[in-house]
Amino acid sequence: MIRVLVADDSRVMRQIVIRTLRQAGYDWEVREAADGAQALEAVRADEPDVVLSDWNMPEMNGIDLLRSLRAEGFSTPFGFVTSEGSDEMRALAEREGALFLIVKPFTAETFRDAIEPVLA
Amino acid sequence: MSQVIAGEDVYAIAQDIFASMVDGDVGTIVPWEGPPPGWQEPVTAWVDLQGDWAGRASLTTETSTAHALARALLGFGEDEPVERADLVDAFGEVVNVVGGNVKSLLETTGSLGLPQVADVDPGLPGGLVLSEMVLAWHGRALELVVRAVL
């Protein structure tokens, strides 16, 4: 079973992301982190198969989380789930090694469209 | 993209959010008909856009409506109680998504702040209202305002 780490400072949004993963057909084992710093610790402690992260979070934001992971040698597949989807952010996410960027609000279909090509 | 926010774009964002995140169905949020609501126990959530384009997206409603919204977002039953922390989280997240989508409409390299929630709208000194609308969600009023700071 695929193990995913969902990082978002909103508990409500983490629940929505987890619910949407299930609706999209991904019955994955889920762990949660409330900010980038927690997520970094969680990956260091037990690397998941994929990280789904918000961008805008206190303590450590999503892009700094991604940079920290790569700097520490973790190549964990990483996707953003964020309320902003400007061209600039998409380019930055891609440059830093993110596999996709899902913009809120999203649907189960949005998740499948972003995740399926990565899993294939 | 532009530096101007059109009311129809903000309305489309609200429709998307409620269809995707809240109700799982389209058409659950429509323009409010009739006189503007007089708030009894309001709650306001807002998020600031900072940088070369500064402004704020805010959402105001009755506290009871914010509770209903939180229940819908959390998948709670109709009478299930909502803790204040969950209300703040859920209501703030709705306006956070509004703000993120508004920012995506703009030619800005600025950043989005973290959502804030309070019982009293703190106002925005120097703020110019770009879009202001009252929406009805299952018959409950929500006021959505986008301001720019000049």
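**Helices and contacts in chains A and B**

Colleague: At what angle do α1(B) and α2(B) pack?

Modeller: This is a predicted model, where local features need pLDDT of at least 70, side-chain atom pairs need 80 or more, and totals for chains, interfaces and linings use all residues. Residues are numbered from 1 along each chain as written, with chains lettered from A and ligands numbered from 1 in written order. The axes (lines fitted to C-alpha atoms over the stretch in contact, angles 0 to 180 degrees between N-to-C directions) of α1(B) and α2(B) are 8 Å apart. The packing angle is about 65 degrees.

Colleague: Which residues of α2(B) does α1(B) meet there?

Modeller: A contact here means C-beta atoms, placed from the backbone, within 7 Å. From α1(B), the residues involved are Met21(B), Val22(B) and Asp23(B). On the α2(B) side they meet Leu69(B), Ala72(B) and Leu73(B).

Colleague: Chain B also touches chain A, so which element gives the largest share of chain B's side?

Modeller: The contact takes 21 residues from chain B and 19 residues from chain A. On chain B's side, the elements giving two or more residues are α1 (7-23), α2 (63-74) and α3 (84-105). With 11 residues, the largest share comes from α3(B).

Colleague: Is α3(B) mostly covered or mostly open, and how many of its residues are buried?

Modeller: Buried means 20 or more other C-beta atoms within 10 Å of the residue's own (exposed is 12 or fewer, partly exposed in between, all C-beta atoms placed from the backbone). By that count α3(B) is mostly covered. Of its 22 residues, the buried ones number 17.

Colleague: And which element gives the largest share of the largest nonpolar core?

Modeller: Such a core joins buried Ala, Val, Leu, Ile, Met, Phe, Trp, Tyr and Cys through C-beta atoms within 7 Å. This one has 72 residues, and those with the most contacts inside it are Ala14(B), Ile17(B), Phe91(B), Val94(B) and Val98(B). The largest share, 9 residues, comes from α3(B).

Colleague: Which chain A residue does Ile17(B) touch?

Modeller: Leave aside residues up to four places away in sequence. Ile17(B) then touches Val22(B), Val94(B), Val97(B) and Val98(B), plus one residue of chain A, Pro105(A).

Colleague: What pattern does chain A follow along the sequence?

Modeller: Chain A has 5 helices and 5 strands (DSSP runs numbered from the N terminus: H or I, at least four residues; E, at least two). Its C-alpha trace spans about 35 × 30 × 30 Å along the principal axes, and buried residues make up 45% of its 120 residues. Read along the sequence, the pattern is β-α-β-α-β-α-β-α-β-α.

Methods: Contact = placed C-beta atoms within 7 Å.
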